[in-house]
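Have a look at the model below. We'll go through how its parts pack together, one topic at a time.

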Amino acid sequence: MVTVTQPPQNLPKSKNSRKHNHYGFRDFFQFNPDKGTITDWNGSQNIFTTEDFIIGLVEGLEEEVGDASAATMYTIGCEWGQKDAFFFEKWFEKEYDRTVRQTNLLFLLETWWWPFTSQGWGRWEVDMGDRKQGFMFINIFDSAVARTLGDVGKPVCHIYAGLFAGFFTELVKKQLGCIEIQCYSMGETYCKFLLGSQDRIDAASFWLNEGATARDIEKRLRGGELLR
């Protein structure tokens, strides 16, 4: 199960509004059977979907637009990430009484992602060891898309890549791209994404097409190698 969220007009009031460790299913989601709505802790309206929905979305796009389906999913993710960045900033400042600029970056990122984990999008791990070089790696464990599609021999988590690109672009106020360089749907144990400037994304894409592994790409980028 995954949920699709939609930003609210107003955040809900709660007697536990100062409680931050609200990971329980019944704590995180509020069900209103009279209105037929599901609202999460931060006030987003949620829609529960099944794996059949994901399969239908991916296969439907592939049938309609062919190879362009990956770019379409990426674009959807980008727009989602950009909108969620604005929404996140509002609820973060309301809950923690500080701006995102006044917050430790690792704490900020974990706070942003844990609702996605609660909603079924998987756990993540952010490697910021190369941030000063202008790129970073993100690992996703139990991707909703890859888990659903299974081993199909190619990267499938384009909506995640777009989500990361859109969110981080708004967060750092600098245009960033993202590409999946390792995927559960390729027989790997988890999915890995590269986030960075477009020249690094283009280089990684080229190397992937040439048969490079995620480890190869990491080594080349850390060695300062780019396309010429």
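The axes of H3 and H6 come within 6 Å of each other and cross at roughly 40°, and that crossing is right-handed. This is a predicted model, where local features need pLDDT of at least 70 and side-chain atom pairs count only at pLDDT 80 or more, while totals for chains, interfaces and linings use all residues. Residues are numbered from 1 along each chain as its sequence is written, and side-chain values use heavy atoms, leaving out hydrogens and water.

**Where H3 meets H6**
- On the H3 side, the contact (heavy atoms within 4.5 Å) includes Ala70, Tyr74, Gly77, Gly81 and Phe88.
- H6 brings residues including His158, Ala161, Gly162, Gly166 and Glu170.

**The cores**
- The largest nonpolar core (buried Ala, Val, Leu, Ile, Met, Phe, Trp, Tyr and Cys residues joined through side-chain atoms within 4.5 Å) has 45 residues. Buried means under 20% relative accessible area, with a 1.4 Å probe and protein chains only.
- Among the elements giving it two or more residues are helix H3 (69-96), helix H6 (158-172) and strand E8 (191-196).
- Another core, of 13 residues, lies apart from that one and includes Phe137 and Trp207.
- Phe164 touches Trp112, Trp113 and Phe193, among others beyond four places in sequence.

**Helix H7**
- Which residues of H7 are buried? They are Arg200, Ile201, Ala203, Ala204 and Trp207.
- Seen down the axis, these buried residues fall within an arc of 160° (using directions from the helix axis to the C-beta atoms), so they line one face of H7.
- Their cover includes E6, E7, E8 and H8.
- Glycine 211, with a positive phi near 100°, follows H7.

Terms used:
Buried means under 20% relative accessible area, exposed over 50%, partly exposed in between (1.4 Å probe, protein chains only). Helices (H or I, at least four residues) and strands (E, at least two) are DSSP runs, numbered from the N terminus. Axes are lines fitted to C-alpha atoms, for helices over the stretch in contact, and angles run from 0 to 180 degrees between N-to-C directions. A crossing is left-handed if the near helix is turned anticlockwise from the far one by less than a right angle, and right-handed if clockwise.
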